[in-house]
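Visitor: I have a new structure here and would like to learn how to read it. Could you walk me through a few features?

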Amino acid sequence: MTSRAVELIEVPLSDRKLVERFIRVPWYVNREHHPSEQWVPPLLMDRRDYLNPAKNPFFEHVEAAFWIARVDGRDVGRVAAVEDADYVKFHGEQTGYLGMFECPDDPEVAQALVDKAKGWLRARGMTAMIGPFELSTNYIAGVLVEGFERDPGINMPYNPPYYDRLLTQCGMQKAKDLLHWELDPQKPTPERIVRVAEKMAARSGVKLRKMRFDDWDAEVLRTLEVYNDAWEKNWGFVPIGKKEYLHIAKDLKMVLHPDFALLAEVDGQPAAFVLTIQNVNPVMKKLDGKLFPFGIFRLLWDLKVKKTIKAGRLILLGIKAQYRGQGIDSLLFLATHRAGAQQGWTSGEIGWTLEDNFKVNSAIKSMGGYQVAKYRVYETPL
C-alpha cells in the first residue's frame, strides 16, 4: 500500500453501525489484504456482545476508545486504547493498553493507529502502554510472531507476519513473549508423571472431580478464588471480579466437554482446577462469523452428533500457592490426558505460558509437550 492520507474515525460503542465496521476490519486484513487459510473468523454475534458495555462486565472497570483507519474509502485498520482501573490499582502503575490492533502492511497506517492510542492514554495520565490485547490480559493477548504455518489454537491470536515489524517501527519494544505448546494425547503419559499422580490420588484429603454443568455458576465461583490466588504473581495479571468471571465462563461452557473441567479439592475446599476447551476452529472457519440462521446447527452437529472435534486446548491450570509442589498438577494433567485419549483426540494444546515461567515450561516438556507458536506483547513509554 503506497503512502496516502489516513483518516481515523472514532467509534463510540453506542453507534452500532460504526461498531459493526470496527468488528469487520479483520476480514479486510486477513481475507483481502493478506489472505490466509489459517485465519479463523470470529463469531460476529460474539464480537457485538463483547463490545457492548451493557452486556460485557469488563467495561465496568475500564474507560476505552476505539478508532477505524480509513484509506481511499476503505476501512483498512483499527485500534483501541484502554485505561483499566483494575490494572492500575493492582500494579500501582499508570499503564494503559493498546487493544484490538489490526492493520495492513503500511507503516503510515500503523503509526497513525499507535499514535492515536498513545495520545489518548497520555491525555488520561498514563505513562506507559502495553499490548496489543483484545482489551486485557484476561482475554486474547499478543500478536503471533512464530507459527504462521499452523492453524491457531482456539481463542489464540492469528495475524499477518508483518505485525511485529510494524509495531517495532512504531517504537514499541518487546515486553514479554507468550509460548504455545502441543502434545499427542495418544502417546502414553510419562511414567514419572503417572507415579506422582497416583501417589497424590492416594493421599487423604485430595479429591478430583468433574465440575457440575447443572450447577455451573456455583462451580465457576469455586474456581475463581483459585484463579486469583494462582496467577497473582504472574506478569501482567489483573484480578478478575465475580461478574466478569461468570461472563467469561458462560461463553467457555459452550466449548467445554464435561470430562475436561476438573476441580481438585482438599478437605472439601477448592485447591486447584484445570479447563480444556474443544478446538472448534475448523467448524468456525465454515461459519465465517455467522452463527445464525444455520451456523448454530452446523456447530451443534459437529460437536454433539458427528463429533468431529479431535483436538483441544488446555487454557487454565491453577493451583493455590499453599498446595503447590505436592503433585496436584500431575494429577490434573494425567486426568486431562486420559480424557483426551478416550475422546480420540489427535492433538492437545497448552497455552499460553510466559517465556520466563521456567518451572511451568519445564513441566510441560517433561509431559511430552513441545513449543509450536510464540506470541509477543510490546511496551512503550508515553
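Visitor: What radius of gyration would a compact globule with 382 residues have, and what does the chain have?

Guide: Keep in mind that this is a predicted model. A compact globule with 382 residues would come out near 21 Å, and the chain has 21 Å, so the two agree. Along its principal axes, the C-alpha trace spans about 65 × 50 × 35 Å.

Visitor: How many helices and strands does the chain have?

Guide: There are 12 helices and 13 strands. As for contacts with a separation of 6 or more, 78% are between residues 24 or more positions apart.

Visitor: What share of the residues count as buried?

Guide: Here you look for residues under 20% relative accessible area. In this chain, 55% of the 382 residues count as buried. The chain exposes about 17,000 Å², and carbon and sulfur atoms supply 51% of that.

Visitor: Let's pick one strand. How many residues of strand E12 are buried?

Guide: Seven of the eight residues in E12, which covers residues 347–354, are buried, so to speak "mostly covered". As a general idea, side chains in a regular strand alternate between the two faces of the sheet.

Visitor: In which sense do E7 and E12 pair, antiparallel or parallel?

Guide: Strand E7 (residues 173–183) pairs with E12 in the antiparallel sense, over six bridges. One bridge to find on screen links Trp181 with Ile350 of E12.

Visitor: And how many bridges join E11 to E12?

Guide: Four, and strand E11 (residues 311–319) runs parallel to E12. Look for Gly312, whose bridge partner in E12 is Gly348.

Conventions: Residues numbered from 1 in each chain as written. Predicted model: local features only at pLDDT ≥ 70, side-chain atom pairs only at ≥ 80, totals over all residues. Heavy atoms only, no water. Helix = DSSP H or I, 4+ residues; strand = E, 2+ residues; numbered from the N terminus. Rg over C-alpha atoms; globule rule 2.2 N^0.38 Å. Buried < 20%, exposed > 50% of the residue type's maximum accessible area, 1.4 Å probe, protein only. Contact = heavy atoms within 4.5 Å. Areas by Shrake-Rupley, 256 points an atom, 1.4 Å probe, with all protein chains shown as cover. Pairing = 2+ DSSP bridges.
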